[in-house]
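This report describes one protein chain and the ligand placed with it. The sequence and the structure come first, and the description follows.

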Amino acid sequence: MENNKAGGSRKVVVDVNNVFKSYYLGREEVPILKGVNFQVFEGDFVAIVGPSGSGKSTLMNLLGCLDRPTSGIIAVNGQDVNQLDDNGLANLRGMEIGFIFQQFNLVPRLSAYENVMLPTYASKKRHIDYPKKAKELLKMVGLEERMRHKPTELSGGQSQRVAIARSLINEPAILLADEPTGNLDSKTSSEVMGYFRELNKNGATIIMITHNQELAVQTDRIIAIHDGQIKSDTQATEFVRHIKEEQMTVMEHLAAHETCSK
Ligand SMILES: Nc1ncnc2c1ncn2[C@@H]1O[C@H](COP(=O)(O)OP(=O)(O)OP(=O)(O)O)[C@@H](O)[C@H]1O
Ligand SMILES: [Mg+2]
C-alpha cells in the first residue's frame with residue numbers, strides 16, 4: 001500500500017521485484033531482463049515504451065503469467081506467481097487479467113464471436129451474461145457486422161479489435177496490452193485509447209506497451225525500458241515536459257538519455 005495525495009491508500013496490483021529473465025539458445029544463456037523493479041497501483045494507467053528488442057513483450061508475458069522469471073519475484077494481486085501451480089496461474093490469468101497480444105493470437109478456425117467467448121470457457125464470473133457481453137464488445141469495436149467472420153477473413157486492424165474485445169470479456173481487473181494499436185489506423189487507435197481511458201476511469205488498471213508517442217502521453221505514467229532495464233519511470237506530464245523542453249520525440253529522448261547514461 002502507499003498513501004496517495006488524497007490521503008487514502010492504494011493497493012499494489014503488480015509488484016515486480018529484481019526480475020531477471022534469460023532465454024537459452026542451446027547452452028548459451030541470453031539475458032533479456034536484467035534486474036527490473038517497479039510497482040503498479042490499482043487504477044494506474046501505465047505506458048511501457050522502449051526500442052524494439054528491449055524486452056517489453058518479455059516483461060509483459062511475465063506480468064500476464066504466461067512465463068516465469070529466471071529469478072526475482074512477480075506478484076499479481078498480492079499473489080507471488082512463482083508460488084502458484086499451473087491451475088492457480090490459469091485461474092489468476094482467466095479471472096483477473098485481460099491480455100492483448102502483439103500478434104493477436106486469435107484461433108484461426110473460430111469466428112470473431114467464438115474467439116471473444118474463448119476465455120469464458122475456462123473461467124466464469126457469474127454476474128456476466130457472456131453471449132450478450134461478447135456481442136456488445138464486438139459492437140463497441142465496430143465489428144457487429146463481422147461476428148461470424150474467421151480471422152483469415154478479417155484485416156489486421158479488425159483482428160486486433162477482436163483481440164481487444166476478447167481481452168475485456170471477463171471484465172478483468174488488470175488489462176495488459178502489448179502494442180494494442182500497432183495495426184490500427186490513427187482514428188481507430190484513438191477510439192481504442194478512448195475505451196481504455198473509459199475502462200481506467202471505471203477502476204481497471206492498465207499496462208500498455210506502445211510505440212505511439214501520442215498514446216503514451218495520454219496515460220498517467222511512462223516506464224521506459226532499454227536493454228532489459230528501466231531507464232526512467234515518470235509521470236506522463238513530466239515526460240511530456242522533458243520532451244517539449246528538448247524538442248524531441250519520445251524515441252529521440254530515450255536514445256539521448258541512453259547515450260548520456262553510458
Ligand atoms: N522465446 C525466445 N527465445 C529466445 N530469444 C527470445 C525469445 N523471445 C524473445 N527473445 C529475444 O528477447 C529480446 C527481447 O524481445 P521482446 O519481444 O521482449 O522485445 P520487445 O521490446 O517487445 O520488442 P518489439 O518492440 O519489437 O516488440 C529480443 O532480442 C528477442 O530476440
Ligand atoms: Mg514486443
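The radius of gyration of this predicted model is 18 Å, and a compact globule of 262 residues would have a value near 18 Å, so the chain agrees with that rule. Along its principal axes, the C-alpha trace spans about 55 × 50 × 45 Å. Of the 262 residues, 37% count as buried. Among contacts between residues at least 6 apart in sequence, 67% join residues at least 24 apart. The chain contains 10 helices and 12 strands.

Strand S5, residues 45-49, is mostly covered, with five of its five residues buried. In a regular strand the side chains alternate between the two faces of the sheet. Phe45, Ala47 and Val49 are buried on one side of S5, while Val46 and Ile48 are buried on the other, and both faces are covered. S5 is joined to two other strands, S10 and S11. The table lists these pairings, with one bridge partner for each.

| Strand paired with S5 | Residues | Bridges | Direction | A bridge pair |
|---|---|---|---|---|
| S10 | 205-209 | four | parallel | Ala47 and Met208 |
| S11 | 221-226 | four | parallel | Val49 and Ala224 |

Helix H5 covers residues 130-140, and its buried residues are Ala134, Leu137 and Leu138. Seen down the axis of H5, these buried residues fall within an arc of 100°, so they line one face of the helix. An α-helix has 3.6 residues a turn, so residues three or four places apart point the same way. The buried residues of H5 pack against two helices, H3 (112-117) and H6 (156-168). Just after H5 comes Gly142, which takes a positive phi of about 75°.

Which residues are around ligand 1? They are Tyr23, Val30, Ile32, Gly50, Ser52, Gly53, Ser54, Gly55, Lys56, Ser57, Thr58 and Gln102. By class, this shell has three nonpolar, eight polar and one charged residues. Strand S4 (28-41) and helix H1 (56-63) each supply at least two residues of the shell. The largest share, three residues, comes from H1.

Terms used:
Residues are numbered from 1 along each chain as its sequence is written. Chains are lettered from A and ligands numbered from 1 in the order in which they are written. This is a predicted model: local features need pLDDT of at least 70, side-chain atom pairs count only at pLDDT 80 or more; totals for chains, interfaces and linings use all residues. A residue is near a molecule or strand if its C-beta atom, placed from the backbone, lies within 6 Å of it. Ala, Val, Leu, Ile, Met, Phe, Trp, Tyr, Cys and Pro count as nonpolar, Asp, Glu, Lys and Arg as charged, and the others, Gly among them, as polar. The radius of gyration is taken over C-alpha atoms; the globule rule is 2.2 Å times the number of residues to the power 0.38. A residue is buried if 20 or more other C-beta atoms lie within 10 Å of its own, exposed if 12 or fewer, and partly exposed in between; C-beta atoms are placed from the backbone. Two residues are in contact if their C-beta atoms, placed from the backbone, lie within 7 Å. The arc is that of the directions from the helix axis to the C-beta atoms. Two strands pair if DSSP finds at least two bridges between them.
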